[in-house]
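Please open the model in the viewer and display it as a cartoon. The tour proceeds from the whole chain to a pair of helices and then to a single side chain.

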Amino acid sequence: MKVNKLHIALWFSVILAGCSSGENTSSESAKHISLNVKTEEVIQFKGSHTVGYSGVVVPKKNTPLSFSVPGTVSKIAVEEGQQVNKGQLLAQLNPSTMENTYQMAFQKLQQAQDAYNRLMPMHENGTLSEIKWVEVETGLSQAKSATAIAKKRT
């Protein structure tokens, strides 16, 4: 705490008033004390004032995002920190990636269907083992499911 001349002068006058001989000299002693007062003109500050704080900003809610399929992002529709709403488009994958995924799934389906058609007569004749037939049926079923999923994504 700074102690300036004004504070010292006030304390000094209080002490003198307390040490008087009982006569009413407080008005006389107050007349003899002179105080030096320094004044400054108020001016408008036209610069900038920066206050720095250290800390960590933590979001209220954090939601990790990802695509359900691999691909190359072709468009990002929002900025970092921007508030988003349910159902709002955030980013978009390159559509050729989705088309290529569908084509691969469709080719796997054709291959599985061909294997099924070729091995069906062998299964009916009993020359194909049951385990091999289950593999063929399972492969065809998986290929159909993968193709259906890929078709919905395109």
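Begin with the entire chain, coloured by solvent accessibility: of its 154 residues, 12% count as buried. Please bear in mind throughout that this is a predicted model.

Next, colour by secondary structure. The chain holds four helices and two strands, and from the N terminus on these elements follow the order α-α-β-β-α-α. Among contacts between residues at least 6 apart in sequence, 49% join residues at least 24 apart.

Now select residues 95-125, helix α3, together with residues 130-153, helix α4. How are these two helices, α3 and α4, oriented relative to each other? Their axes come within 8 Å and cross at roughly 155 degrees. Angles over 145 degrees count as roughly antiparallel, and α3 and α4 are therefore roughly antiparallel to each other. The crossing of the pair is left-handed. Colouring the residues of the contact of α3 with α4 by chemical class shows 16 nonpolar, five polar and six charged.

Within helix α4, select threonine 147. Is threonine 147 buried or exposed? Its relative accessible area is 8%; the cut-off for buried is under 20%, so threonine 147 is buried.

Show the side chain of threonine 147 as sticks, and add the backbone of alanine 143. A polar atom of the threonine 147 side chain lies 2.8 Å from the backbone oxygen of alanine 143.

Finally, display Tyr102, Ala105, Phe106 and Leu109: threonine 147 is in contact with these residues, its neighbours within four places in sequence being left aside.

Definitions and conventions:
Residues are numbered from 1 along each chain as its sequence is written. This is a predicted model: local features need pLDDT of at least 70, side-chain atom pairs count only at pLDDT 80 or more; totals for chains, interfaces and linings use all residues. Side-chain values use heavy atoms; hydrogens and water are left out. Axes are lines fitted to C-alpha atoms, for helices over the stretch in contact, and angles run from 0 to 180 degrees between N-to-C directions. Angles under 35 degrees count as roughly parallel, over 145 as roughly antiparallel, 65 to 115 as roughly perpendicular and the rest as oblique. A crossing is left-handed if the near helix is turned anticlockwise from the far one by less than a right angle, and right-handed if clockwise. Ala, Val, Leu, Ile, Met, Phe, Trp, Tyr, Cys and Pro count as nonpolar, Asp, Glu, Lys and Arg as charged, and the others, Gly among them, as polar. Buried means under 20% relative accessible area, exposed over 50%, partly exposed in between (1.4 Å probe, protein chains only). A polar contact is a pair of N or O atoms within 3.5 Å; within protein, one must be able to donate a hydrogen and the other to accept it, and residues adjacent in sequence count only if both atoms are side-chain atoms. Contact means heavy atoms within 4.5 Å.
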